[in-house]
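The exercises below concern one protein model. Work each task on the structure before reading its solution.

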Amino acid sequence: MRLKQFAAVALALSPVLAFAKPLTVCTESSPDGFDVVQFNSLVTTNASADVIFNTLVSYDEAQKKVVPALADKWDVSSDGLSVTFHLRPNVQFQTADWFKPTRALNADDVVFTFERMLSDSNPWHKVAGASGFPHAQSMGLVKLIKSVSKVDDQTVKFELNEPNATFVPILTMGFASIYSSEYADKLLKANQQNDLNAKPIGTGPFVLKSYTKDAVIRYDVNPTYWGPKPKIDRLIYAITPDATVRAQKIKAGECQIALSPKPQDVLDAKKDKSLKVSETPAFMTAFVALNTEKKPLDNPKVRQALNMAFDRTTYMKTVFENTGTAAVNPYPPNTWSYDKNIAAYKYSPDAAKKLLADAGLPNGFETTIWVRPNGSVLNPNPKAGAELLQADLAKIGVKAQVKVIEWGELIKEAKQGHHDMLFMGWAGDNGDPDNYLSPLFSCNAVKSGINFARYCDPTLDKAISDGKTTADVSKRTKAYIDAQKIIHDQAVWIPLVYPTAYALTRGNVSGYSVSQFGRVNFGAVSVQ
């Protein structure tokens, strides 16, 4: 009897097991960790928030709107000063070798998640260090949120100090992932706070199984996931910093998806019948941040001169194979409120030299250019791009030393403001202009370190703030046009490119679409 029952079970499961196969994704670098709230890199978001965790709400790229996630509905008060979220019932936290939950998700978890970021008296707050949690700080949540309170087990209320049109969309960002307060309490009692970064527990579709830095991350499918079950049985991140090697691996079938390919690899893949190319205009901007706290970069004339010295046409062709669009403003031109009346600085070494002379630097100056070693969507060939800028600056007497710095160290040091000029990029999360302006140009973001230009200006800060305190799109647009003009006139960046986002997939992979925000979703992916 037992044998027959076993055989029946095996027969019932066999079609599922035969259908579900593992998915290997060639990614570009190691995450900073898995406690996503501490960090601001897209690589970390992709390895943690996008697979292990969930947020209260998410952004549907197809519908271009915020949709339910862990909260199945929410209410905004008529005065805009409170937002109440109603949690989806019976959502289970993951079970892993290091933790087994005793209850489902409830309001305590949401309160813990946000109080940890907002309250310096919370025992978990100090984990982020002196600069605080980067996104919460730069998005101004510490000042915006008056309180987070539990109404009942399934209801959480946020009280705001002022109306804010961006508040709910902000919660789609990876840093707003919801954590288990039960797990956090266990770690705190055992004095094992660092395990939150190494051994995460979330509510998402995949459970972390193992991680070998600079090599591989392995995930299992979460059997208790509240949403549609993934169509794969395991997820593997093959960490492959060299884009050329990623292209070789997908051609050889060693991975089924390759992220952040070089433009030339995209062109080659389009000719390969065994591969498919997924592409979309990205909600991203590549730029060189000019540290306005460092002399002589504190002088706007110097920053304007650097913009005029930069040969953007050659850069676009060499680094991006002309696959992107030359950048002018902080966010892409298909974004509402983009100011089309602002023109890029014209390439003119002679005009740049005159500006340097006017700034008291007729013989130029010495500086450094920081860049990451490996390519990404926002910088397919970092070293080549840095050397092009170096050569352009040499023509106006500026001697720039290129420093290639490992990604994790580069981010750490840049957030402390130790750089002069920094090749960087930003991927927005929800299509809102403030998704660029607050984290990259506000005074709060100088403190958190994400404002890599270290530019804090009261007039610009007011324009950014004015754009958030109303839901009126015309008023928000006016504020953001004012902000864009200040950013351009002060030349706090050398804008580079609005890139096209690409991913390569094997022909036997279906259900994967590259995201304009650089996020990843493997929930609907299947491997034949």
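**Exercise 1.** In this predicted model, find the strand order of the open sheet of four strands and state which strands are at its edges.

Solution. Step 1: reading across the open sheet gives β4-β5-β7-β6, and the pairing is antiparallel. Step 2: a strand that pairs on one side only is an edge strand, which here applies to β4 (71-76) and β6 (145-152). Step 3: from one strand to the next, the twist averages 20°.

**Exercise 2.** Describe how β4 pairs with β5, and locate the helix that lies across β5, β6 and β7.

Solution. Step 1: five bridges join β4 to strand β5 (residues 82-87), in the antiparallel sense. Step 2: D75 has T84 in β5 as its bridge partner. Step 3: the helix lying across β5, β6 and β7 (155-160) is α3 (residues 107-118). Its direction is at about 165° to β6.

**Exercise 3.** Characterise the packing of helix α11 against helix α13.

Solution. Step 1: two packed helices are described by the angle between their axes and the distance between the axes. Step 2: for α11 (residues 300-309) and α13 (residues 349-358), the angle is about 165° and the axes are 8 Å apart. Step 3: angles over 145 degrees count as roughly antiparallel, so α11 is roughly antiparallel to α13. Step 4: α11 and α13 cross in the left-handed sense. Step 5: α11 contributes K301, V302, Q304, A305, M308 and A309 to the contact, while α13 contributes P349, A351, A352, L355, L356 and D358. Step 6: sorted by class, the contact comprises nine nonpolar, one polar and two charged residues.

**Exercise 4.** Is V207 buried or exposed, and which residues beyond its sequence neighbours does V207 contact?

Solution. Step 1: V207 is part of strand β8 (residues 206-212). Step 2: buried means under 20% relative accessible area; V207 has 9% relative accessibility and therefore counts as buried. Step 3: with neighbours within four places in sequence left aside, the contacts of V207 are Q94, T95, A96, R218, Y219, D220 and N222. Step 4: T244, 37 residues from V207 in sequence, is 29 Å away, C-alpha to C-alpha.

**Exercise 5.** Repeat the analysis for V266: is V266 buried or exposed, and what does V266 touch?

Solution. Step 1: V266 sits in helix α10 (residues 263-269). Step 2: the relative accessible area of V266 is 1%, so V266 is buried. Step 3: not counting residues up to four places away in sequence, V266 touches P261, V277, Y502 and L504. Step 4: V266 and A247 are separated by 19 residues in sequence and by 8.9 Å in space, C-alpha to C-alpha.

Terms used: Residues are numbered from 1 along each chain as its sequence is written. This is a predicted model: local features need pLDDT of at least 70, side-chain atom pairs count only at pLDDT 80 or more; totals for chains, interfaces and linings use all residues. Side-chain values use heavy atoms; hydrogens and water are left out. Axes are lines fitted to C-alpha atoms, for helices over the stretch in contact, and angles run from 0 to 180 degrees between N-to-C directions. Helices (H or I, at least four residues) and strands (E, at least two) are DSSP runs, numbered from the N terminus. Angles under 35 degrees count as roughly parallel, over 145 as roughly antiparallel, 65 to 115 as roughly perpendicular and the rest as oblique. A crossing is left-handed if the near helix is turned anticlockwise from the far one by less than a right angle, and right-handed if clockwise. Contact means heavy atoms within 4.5 Å. Ala, Val, Leu, Ile, Met, Phe, Trp, Tyr, Cys and Pro count as nonpolar, Asp, Glu, Lys and Arg as charged, and the others, Gly among them, as polar. Buried means under 20% relative accessible area, exposed over 50%, partly exposed in between (1.4 Å probe, protein chains only). Two strands pair if DSSP finds at least two bridges between them.
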